[in-house]
Amino acid sequence: MREITFVEAAREGLTEEMARDPSVFVVGEGIGSRGGNFNTTVGLYDLYGPERLRDTPISERGFTTLCTGAAVTGARPVVDFMFIDFLTDAFGDMFNQMAKLQWMSNGRIKMPIVLRGCVGVFGSNAAHHSGNYFPFFLHIPGFHLVMPTTPADAKGLLKTAIRSDNPVLFLEHKGLLNVKGPVPEGEHLVPFGQAAVRREGKDVTVVGIAFMVIKALEAAGQLAQEGISVEVIDPRTLAPLDIDTILASVHKTGRLLVVDEDYAPCGVAAEIATQVMEQAFDDLDAPIQRLNGAFAPAPYSPVLAESVLPGTKQILQAVRDLLAE
Amino acid sequence: MAFEVVMPRLGWNMETGSLFEWLKQDGDRVEAGEILFTVESDKAIQEVEALESGILRIPPDTPPPGKPVPVGTLLAYLVTPGEELPFVAQAETAPAQKQTAATPSPTRAVPVTVPHMSERKRPAVSPRAARVASELGVDWTPLKGSGRTGRIVERDVRQAAAVTPATEETLPSGVRVSPVARRVAHELGVNLEQLAAQMPGKRIERADVEAAARKVVSAAPSAPRMPAPAATGDVVLPITQIRRITAERMVASAHNAASATLTTEADATELVRLRNQLTSDITQLVPSYSDLLTKLVAQALIEHPQVNARFMGESIVQSATVNIGIAVDTERGLLVPVVYDVQTKSLRQIAQESAAMIERARSGRLSPDDLHGGTFTITNLGMYEIDTFTPIINLPECAILGVGRIMPKQVVVDVEAERVAVRHMMFLSLTFDHRLVDGAPAAHFLQTIKHLIECPWRVLV
């Protein structure tokens, strides 16, 4: 199978969906003739022009709410925030209108809108351009949230997101953009709510969030040489979350570590830990461990930025500690 | 202070770049803002200006032009006039600076110590361990936790049940089996799930398992022809698990090992004298001849490590410890419990251990661990008035020593003087695997045993 980058794969998915459905259009800063700061729309402006690739001024609240209206009236907008941090300007109407209109209209109104952007501490992008913000969308009814970690999943999940009639956060970790991987040609849809077991093991379960899956796999490879068998799970979508795959793994291993570079309080790791505790209490041989990023805004200095993130070394130690419990 | 000049990131997605050309030379004075070098990245050659003023110092091991390097790679320094060249010193301190930087580190939940540990009446136990304990019928309250916080965890429960997950039969929930019954069922080949189905609700105990075993008539290991049917008056017995295992092991040994048996007759008079002296001390357990031989044979094995060996894949492993199995005839059949680390044990310890193990063997209480890990076996048929025989090697061991009876005999003690005496003589039969060790070394080994028997005090030196 041919290997392409994460960015190319997502773009292929977007290209196919725009060709398939003329109501799909993209809105964002620099996504027109420039092709997107992260190359998300390269080549599409030449195909469809300004009608379907709409450059915007720097006013996230404005253009996001416009797209909420567009979705309500029958279009399928893809809002490209570039850095997901900018989306925070649009929270008000996202939480009050976008998330609630389907309920408030008793299902008559659909909200087929994709909100995409890059997340994660990477490349010295510093405090304003390194956010993750997952828990906000897991906490509000009405949103779906997907974070592919492989190019194949980037294509498959974006296509599913565009076809969904719900608001979907499509979050791409900056560290993954240039990762290459095998991507099926043509129709390739990845359903929501299906985790992937990236590595099978029997001694401990490690759930990785976004880029942390890569770190967890590195650690698992090293631990295998010490005779420790680690099962690495990539949830792929956080809302809906495939808790059953995680529960089955914990039933096998009895020990769980969740690695998430986002902050600990009320985070994804806390949610997964609680669900596992509720549904698999008697399968636990040790308390569930979380490994999160330091509770501070992302630093600019590369040395400091590395030190606030859970790295392979921290994961190795956390797994060894967990097995000692 | 020296300013580091590094490969810059000239685009959001730029990961690597190569130096194209230095536009200033080593030792040149550079002003901030002047173009210092050019970089070739994916698209074009781009100029990079100096961000500080200073004297340009290019280290000898700097990446050469044309070589792609990661963004951030050190290329050169801009130093103030008169400053020391920072090359070596800087490299050493840079990592230390990383470590001492007071930065917040990734947070993780602090490992919880078991709260109110000292006030607890019962030890802390993980939920999984409690569940497994109830499934295996183990009482976890007296166990000691191996968990870091002192908590009892699954592995502690499984150890207590003396059943490993690989061999354990997972039973449907609700079936209760005593740990003894579980072990005996495993030894006798009784299917616990089927047995439980026959007596729903009952906690299965050893007597239930043994009763079930007597009813079972299992198929014989593959035979080329059907044997003649039983006639009236014949006694038909079930093939027990232990019979089946013994049969399989014996035939495997016969087929795989290149067995040859050496015999020699040892003068055991001193050994008999030694044992009589030990017998006179009635306060201590008297070592048996097998115990004495175990001690002597261990010494011989230390001196002949190639006999204390086994095949392992493409290698031959000479064991660092001497673990001697002692063949015990029991009601149920032949069992060979192992005394570990004989080379470190005194005769008294060996005697105590072997007595305990023989007792456990006869009452059916040996654990799987007692029966594994041997490096040599001793089998004694002297009590049946046997002299020599051809014992069968207990694979994967290299050799087995068969011991005959101790018989007073008239032997020549001085050929020149034509003098005879009555001595206690004992035959030794050593079967060895010619694949692992040759005849001469095996013979030498047997000779060492013979000499140790004849002069047992040699074990002290």
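A crossing of two helices is left-handed if the near helix is turned anticlockwise from the far one by less than a right angle, and right-handed if it is turned clockwise. The legends below describe close-up views of a predicted model.

**Figure 1. Packing of helices α9(B) and α11(B), whose crossing is right-handed.** The axes of helix α9 (residues 289-303) of chain B and helix α11 (residues 439-454) of chain B come within 9 Å and cross at roughly 140°, which makes α9(B) oblique to α11(B). On the side of α9(B), the contact is formed by B:L296, B:V297, B:Q299, B:A300 and B:E303, which meet B:F445, B:T448, B:I449, B:L452 and B:I453 of α11(B). Sorted by character, the residues of this contact comprise seven nonpolar, two polar and one charged. For the setting of the pair, the secondary structure of chain B comes to 11 helices and 19 strands, and buried residues make up 29% of the 461 residues in the chain. Among contacts in chain B between residues at least 6 apart in sequence, 59% join residues at least 24 apart.

**Figure 2. Packing of helices α9(A) and α10(A), also with a right-handed crossing.** Helix α9 (residues 243-253) of chain A packs against helix α10 (residues 268-279) of chain A at an angle of about 60°, and their axes are 10 Å apart; the two helices are therefore oblique to each other. From α9(A), the residues A:I243, A:I246, A:L247 and A:V250 meet A:I272, A:Q275, A:V276 and A:Q279 in α10(A). The contact of α9(A) with α10(A) divides into six nonpolar, two polar and no charged residues.

**Figure 3. Helix α7 (residues 151-163) of chain A, largely enclosed by the rest of the structure.** At 1.5 Å a residue, the 13 residues of α7(A) should span 18 Å, and the end C-alpha atoms lie 19 Å apart, which agrees. Because 12 of the 13 residues of α7(A) are buried, the helix is largely enclosed by the rest of the structure. The buried residues are A:P151, A:A152, A:D153, A:A154, A:K155, A:G156, A:L157, A:L158, A:K159, A:T160, A:A161 and A:I162.

**Figure 4. Helix α8 (residues 212-225) of chain A and the elements that cover its buried residues.** For the 14 residues of α8(A), a rise of 1.5 Å a residue gives an expected span of 20 Å, and this agrees with end C-alpha atoms that are 20 Å apart. In α8(A), the residues A:M212, A:V213, A:I214, A:K215, A:A216, A:A219, A:A220 and A:L223 are buried. What covers these buried residues includes the strands β9 (196-199), β10 (204-208), β11 (230-234) and β13 (256-260) of chain A, together with helix α12 of chain A. Just after α8(A), A:G227 takes a positive phi of about 85°.

**Figure 5. The side of chain A that touches chain B.** Across this interface, 33 residues of chain A are in contact with 26 residues of chain B. The elements that give two or more residues to the chain A side are β14 (289-292), α11 (302-308) and α12 (312-324) of chain A, and the largest share, five residues, comes from α11(A). By character, the residues on the side of chain A that touches chain B divide into 19 nonpolar, eight polar and six charged.

**Figure 6. Two cis peptide bonds, one ending at A:P240 and one at B:P396.** In chain A, a cis peptide bond joins A:A239 and A:P240, with omega about 0°, and A:P240 is found in the loop between β12 (237-239) and α9 of chain A. In chain B, the peptide bond from B:L395 to B:P396 is cis, with omega near 10°, and B:P396 is found in the loop between β17 (376-380) and β18 (399-414) of chain B.

**Figure 7. Positive phi at two residues that are not glycine, A:N106 and B:D341.** A:N106, which takes a positive phi of about 55°, is placed in the loop between α5 (101-104) and β5 (114-119) of chain A. Because a residue counts as exposed if 12 or fewer other C-beta atoms lie within 10 Å of its own, A:N106 is exposed with its 7. B:D341 likewise has a positive phi of about 55°, and its place is in the loop between β16 (338-339) and α10 (347-362) of chain B. With 13 C-beta neighbours inside 10 Å, B:D341 counts as partly exposed.

Definitions and conventions. Residues are numbered from 1 along each chain as its sequence is written. Chains are lettered from A and ligands numbered from 1 in the order in which they are written. This is a predicted model: local features need pLDDT of at least 70, side-chain atom pairs count only at pLDDT 80 or more; totals for chains, interfaces and linings use all residues. Axes are lines fitted to C-alpha atoms, for helices over the stretch in contact, and angles run from 0 to 180 degrees between N-to-C directions. Helices (H or I, at least four residues) and strands (E, at least two) are DSSP runs, numbered from the N terminus. Angles under 35 degrees count as roughly parallel, over 145 as roughly antiparallel, 65 to 115 as roughly perpendicular and the rest as oblique. Two residues are in contact if their C-beta atoms, placed from the backbone, lie within 7 Å. Ala, Val, Leu, Ile, Met, Phe, Trp, Tyr, Cys and Pro count as nonpolar, Asp, Glu, Lys and Arg as charged, and the others, Gly among them, as polar. The expected span of a helix is 1.5 Å times one less than its number of residues. A residue is buried if 20 or more other C-beta atoms lie within 10 Å of its own, exposed if 12 or fewer, and partly exposed in between; C-beta atoms are placed from the backbone.
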